[in-house]
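Me: I should like to study one protein chain through a series of questions. Please show it before we begin.

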Amino acid sequence: PPDCLACFSNIMRLSRASLHWARAVVAVLFWPALALVIWTSLIVFTLPPILRLNFQDLIAHFIAYSGLAGMAAMALHTRKAAIWAVALLIAMGATLEILQGFTGRETDLYDAVANSAGALCGGFFGRAIVEPLYRRYVSN
């Protein structure tokens, strides 16, 4: 869609100071988002009947981890650091799935797979957004 292309071209026009500010904001917002994902992974709650469909749960896992990984990938300065962040998020997702068995919730392999897929996609797209901007300002 044309609006999406216009939005991307506006992002590409960010100044170096704006890029630095945006990355700092994302880095700060990452931590409460991480805390929210951990908290909601470990608490026991009952969903309303309309929200108990398995695919919706998997979509929620995918979105949560893609958001976290995308934020980490955009906030970190190097590709190597972003890869480590994605790997740690995948490990965290698997660990939280195991810990759920001790909190009265079910451990679910499919949730761990959705977490991992989300982290990989979010990390990829986060770097795809920030690397062209970073290269633009490093070369100047």
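**A helical chain in questions**

Reply: Phenylalanine 55 is found in helix H3, which covers residues 54-75; helices (H or I, at least four residues) and strands (E, at least two) are DSSP runs, numbered from the N terminus. This is a predicted model, in which local features need pLDDT of at least 70 and side-chain atom pairs count only at pLDDT 80 or more, while totals for chains, interfaces and linings use all residues. Residues are numbered from 1 along each chain as its sequence is written, and side-chain values use heavy atoms, with hydrogens and water left out.

Me: How many helices does the chain have?

Reply: Read along the sequence, the pattern is α-α-α-α-α. There are zero strands, and the number of helices is five.

Me: Is phenylalanine 55 buried, exposed or partly exposed?

Reply: Buried means under 20% relative accessible area, exposed means over 50%, and partly exposed lies in between (1.4 Å probe, protein chains only). The relative accessible area of phenylalanine 55 is 49%. Because this value falls between the two cut-offs, phenylalanine 55 is partly exposed.

Me: Is glutamine 100 buried or exposed?

Reply: Glutamine 100 lies in helix H4, residues 79-100. Its relative accessibility is 1%. Since the limit for the buried class is under 20%, glutamine 100 counts as buried.

Me: Which residue offers the backbone oxygen that the side chain of glutamine 100 reaches?

Reply: Contact means heavy atoms within 4.5 Å. Not counting residues up to four places away in sequence, glutamine 100 touches Leu42, Arg105, Glu106, Thr107 and Ser41. The side chain of glutamine 100 comes to 2.8 Å from a backbone oxygen, that of serine 41.

Me: Which helix supplies the largest share of the largest nonpolar core?

Reply: A nonpolar core is a set of buried Ala, Val, Leu, Ile, Met, Phe, Trp, Tyr and Cys residues joined through side-chain atoms within 4.5 Å. The largest one here has 16 residues, and those with the most contacts inside it include Phe30, Tyr65 and Met92. Helix H2 (16-42), H3 and H4 each supply at least two residues of this core. The largest share, six residues, comes from H3.

Me: Which residues does methionine 92 contact, leaving aside its neighbours within four places in sequence?

Reply: Methionine 92 is among the residues with the most contacts inside the largest nonpolar core. Leaving aside neighbours within four places in sequence, the residues in contact with methionine 92 are Leu34, Val37, Ile38, Tyr65 and Leu68.

Me: What percentage of the residues in the chain is buried?

Reply: The chain has 140 residues. Of these, the buried residues make up 29%.

Terms used:
A polar contact is a pair of N or O atoms within 3.5 Å; within protein, one must be able to donate a hydrogen and the other to accept it, and residues adjacent in sequence count only if both atoms are side-chain atoms.
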